[in-house]
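Reader: I'd like to go through this one with you, cut-offs included. Can you take my questions one by one?

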Number of protein chains: 2
Amino acid sequence: MTEKAIFYHAGCSVCLDAEQVVADAIDPARYDVESVHLGETPGRVTEAESAGVRSVPALVLGGQAYHINFGAPIDALRA
Amino acid sequence: MTEKAIFYHAGCSVCLDAEQVVADAIDPARYDVESVHLGETPGRVTEAESAGVRSVPALVLGGQAYHINFGAPIDALRA
């Protein structure tokens with residue numbers, strides 16, 4: 001049984017690097033990692049904010065938001 | 001063959017949460033995660049800074065530093 005993990009990003013270079021290294025390092029035996037590009041799916045910005053995401057890239061794990069370095073503030077991604 | 005990953009922290013609550021959730025989620029089949037408490041081993045602050053760590057908690061993976069949320073600036077941890 002895997003737990004859901006969501007990696008929110010916006011296609012920025014800081015985001016892509018974090019996706020390729022940190023999100024990719026997550027144990028696939030325990031986590032099902034979904035990658036969400038908020039620039040392409042602005043309808044999910046509210047969901048990300050509700051999970052505590054304030055900037056991207058961020059990883060939501062176990063109901064908590066973990067901001068990884070800093071690419072862009074979430075306010076900049078609202079449609 | 002596992003790759004080395006180092007999680008630098010300072011025992012703060014933000015650090016411990018990130019350690020228990022993010023560092024613990026790293027795939028043990030691919031990464032050997034070492035946890036370093038810089039408050040207890042200030043002699044490793046220089047090593048962390050050389051890896052690009054500017055604040056804790058941070059994870060060094062593949063030679064890059066990934067700052068996870070924000071607990072304390074590394075300057076505060078110098079002996």
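Author: Sure, one definition to begin: a salt bridge is a side-chain nitrogen of Lys or Arg within 4 Å of a carboxyl oxygen of Asp or Glu. This is a predicted model, where local features need pLDDT of at least 70, side-chain atom pairs count only at pLDDT 80 or more, and totals for chains, interfaces and linings use all residues. Residues are numbered from 1 along each chain as its sequence is written, chains are lettered from A and ligands numbered from 1 in written order, and side-chain values use heavy atoms, leaving out hydrogens and water.

Reader: How many salt bridges does the rule find across the interface of chain B and chain A?

Author: One pairing to look at is Asp24(A) with Arg30(B), whose side chains meet at 3.3 Å, N to O. Across the whole interface of chain B and chain A, the count is two.

Reader: Which handedness does the disulfide of Cys12(B) and Cys15(B) have?

Author: A disulfide here is a pair of cysteine sulfur atoms within 2.5 Å, and those of Cys12(B) and Cys15(B) sit 2.3 Å apart. The torsion about their S-S bond is about 70°, so the link is right-handed.

Reader: Is Cys15(B) buried or exposed?

Author: Buried means under 20% relative accessible area, exposed over 50%, and partly exposed in between, with a 1.4 Å probe on protein chains only. Cys15(B) has 0% relative accessibility, so the verdict is buried.

Reader: How many residues does chain B bring to the contact?

Author: Contact means heavy atoms within 4.5 Å. Chain A brings 17 residues, and for chain B the number is 17.
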